[in-house]
Amino acid sequence: MPEKPVPPILTTTAGSPWPDNQNSQSAGPRGPLLMQDYQLLEKLAHQNRERISERVVHAKGSGAYGTFTVTGDIRSYTCAKLFGEIGRTTDILIRFSTVAGERGAADAERDVRGFAVKFYTEEGNWDLVGNNTPVFFIRDPMKFPDFIRTQKRHPRSNLRSATAMWDFWSLSPESLHQVTILFSDRGLPQGYRHMNGYGSHTYSFWNEVRERYWVKFHFKTLDGHRHWTNQEAASVVAQDRESAQRDLYDAIERGNGPSWKVCVQIMPELEAEHTRYNPFDVTKVWPHDDYPLIEVGIARLNRNPDHYFAEIEQASFSPSNIVPGIGFSPDKMLQGRIFAYADAHRHRVGTHYEMLPVNRPINPARTYHADGAMRFDAPRGMDAYYEPNSFNGPVEQKWAQEPPLRISGDAARYDHRDGNDDYIQVRALFHLMNFAQRERLFGNIAAAMRGVPAEIVDRQVAHFARVDPDYALGVLEALAHQG
Ligand code: HEM
């Protein structure tokens, strides 16, 4: 038998050798304990602080590291360094998640999946915090907290409420597109390796000559789409609540990490004024016939984190993290998210969350922010701790200023429903489904409507009818069949 290496010494958090980790200090063999046993007190106190609050949404997740490699040249649209010459590689971290379930929820549940990518570029971190669906349920961030409440537990029963969900959806027909995807096959992927990812929102690119283009991001699975039916998922959950975590982790350990073809859709800036739909509305897609997919690279995952809590639970993604060459768009939901995420991280992880190894950019971050709880870097020669200064402090980079957003209008609370059709694109999606896919859609919706008051069901079915009478009929038949 090979000789075991000498184990490292056990110490207190202050580094002092710790004599006994099994027996507390007591006045006699039968107790009582002594107040002076600081090591016991510290051990118990640390345990009390092991958890941080879970994410308010997307609490259950899995993540891994990998690379993004450029395969298509899009430098005419963006000067972002990561989209440089063919073959250029950037390290990435992807965290996948379900939306509604808590941190201990089962993976194989029907829900939208989060698909959050952090690109560690030489000009800072770019976070593309997307989902496995190209659209979303709502188009105004004012509605987000209410929407999420309908997905979480009822305040009195502490149970998930189908009534709340369908009440909200039936009163918010902009959700129809996403609801149709959620209850289709795509709403229950077999694992994170077998689904697409989408930036969902419209973002922008800007290039060396400061032209702006609108852009949507797509990650197409190269491992094939695979989905569970509701029945299959029920038996998966009965056996394994961590099915997606296990599938991803094991595949990477086997050297068989998943990959995606990364594509963009590009819209010249001024064309946005002439599309027949609002291109900044996240409940809509851009038809591929009008804006074909352009391949730009391959994303591949190849390394599991060493420590789940340190690297995945504390991973902090934010749509506000962009890099030169990439910009936002007027999309109201995106604008709301620019605020929400960094605020959530400061609350959940701490003021200096971006100094943690998983969140830290690979290039040095130099700011004039000061101090706060748990500042643990100690920059030297800090005469330049304010700005402007005469002491050679970090200076602003005017070239990194994006071109002006050419948008003008009167400040008002515009009704998000005006001029937005909620049915045309859903109809196109419904017409793409074959007979079996439609049958599963109807059955999944009917199952999710169990116990919902008739008035709410009727209101929702009326929306399905506006998409296509067959959609409404199918759901009604499935409801009748279910009894
Ligand atoms: C106004 C609308 C939205 C608001 C206010 C919002 C807010 C939040 C918040 C507060 C978190 C928790 C962050 C954390 O604690 O780490 C979160 C997580 C997340 N959101 Fe949103 N969200 C919105 C819409 C969306 C949309 C449209 C998408 C996808 C296109 C999305 C994708 C995600 C993902 C993937 C995560 C998990 C990120 C991770 O893995 O850490 N959210 N969201």
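**Notebook: pocket, iron site and buried loops**

**Entry 1. The largest pocket**

I began with the strands that border the largest pocket, and found that β4 (124-131) and β10 (326-327) each contribute at least two residues to its lining. Helices (H or I, at least four residues) and strands (E, at least two) are DSSP runs numbered from the N terminus. The model is predicted: local features need pLDDT of at least 70 and side-chain atom pairs count only at pLDDT 80 or more, while totals for chains, interfaces and linings use all residues. Residues are numbered from 1 along each chain as its sequence is written, and side-chain values use heavy atoms, without hydrogens or water.

I noted a volume of about 2000 Å³ for the largest pocket. The lining has 46 residues, and P361, P364, A365, R366 and T367 are the ones closest to the centre of the pocket. I then sorted the lining by class: 21 residues are nonpolar, 13 polar and 12 charged. Here Asp, Glu, Lys and Arg are charged, Ala, Val, Leu, Ile, Met, Phe, Trp, Tyr, Cys and Pro nonpolar, and the others, Gly among them, polar.

For the record, a pocket is an open set of points on a 1 Å grid over the protein atoms alone, with protein on both sides within 12 Å along at least five of seven lines; a cavity is a set where a 1.4 Å probe fits but cannot get out; lining residues have an atom within 4 Å of a point. Points are joined across faces, edges and corners, and the volume is that of probe spheres set on them.

**Entry 2. The iron atom**

Which residue donates to the iron atom of the ligand? I found a single protein donor, the OH of Y341, at 1.7 Å. Donors are N, O and S atoms within 2.8 Å of the metal (3.2 Å for Na, K and Ca), and sites may look incomplete without water. I placed Y341 in helix α8, which covers residues 332-348.

**Entry 3. S318, in contact with Y341**

I next looked up S318, in the loop between α7 (308-313) and β10. Is S318 buried or exposed? S318 counts as buried because its relative accessible area is 2%; buried means under 20%, exposed over 50% and partly exposed in between (1.4 Å probe, protein chains only).

Apart from its neighbours within four places in sequence, S318 has contacts (heavy atoms within 4.5 Å) with D127, V129, Y341, A342 and H345. Y341 in this list is the iron donor of Entry 2. I also recorded a polar contact of 2.5 Å between the side chains of S318 and S320. Such a contact is a pair of N or O atoms within 3.5 Å; within protein, one must be able to donate a hydrogen and the other to accept it, and sequence-adjacent residues count only if both atoms are side-chain atoms.

**Entry 4. D422 and the largest cavity**

I located D422 in the loop between α8 and α9 (424-432). D422 is classed as buried because its relative accessible area is 11%. Its C-alpha atom lies 11 Å from that of I138, although the two residues are 284 places apart along the chain. Beyond its neighbours within four places, D422 touches R139, P173, E174, L176 and K284. With R139, the side chain of D422 forms a polar contact of 2.5 Å.

I counted four cavities of 30 Å³ or more in the structure. The largest of them has a volume of about 50 Å³. D422 is among its lining residues, which also include E174, H177, T283 and K284. Which element gives the largest share of this lining? It is α9, with three residues. By class, I listed three nonpolar, three polar and four charged residues.

**Entry 5. Helix α3**

In helix α3 (residues 162-170), I found M165, W166, F168, W169 and S170 buried. These residues pack against α2 (144-151), α4 (176-182), α10 (435-448) and α11 (454-467).

**Entry 6. Backbone exceptions**

Most residues other than glycine have a negative phi, and most peptide bonds are trans. I noted a cis bond from G31 to P32, with omega near -5°; P32 is in the segment before α1 (38-48). Another cis bond joins E387 and P388, with omega about 0°, and P388 belongs to the loop between α8 and α9.

I also found a positive phi, near 60°, at R210, in the loop between β6 (203-206) and β7 (212-221). R210 is partly exposed, at 37% relative accessibility. M374 has a positive phi near 65° and sits in the loop between α8 and α9. M374 is exposed, with a relative accessible area of 68%.
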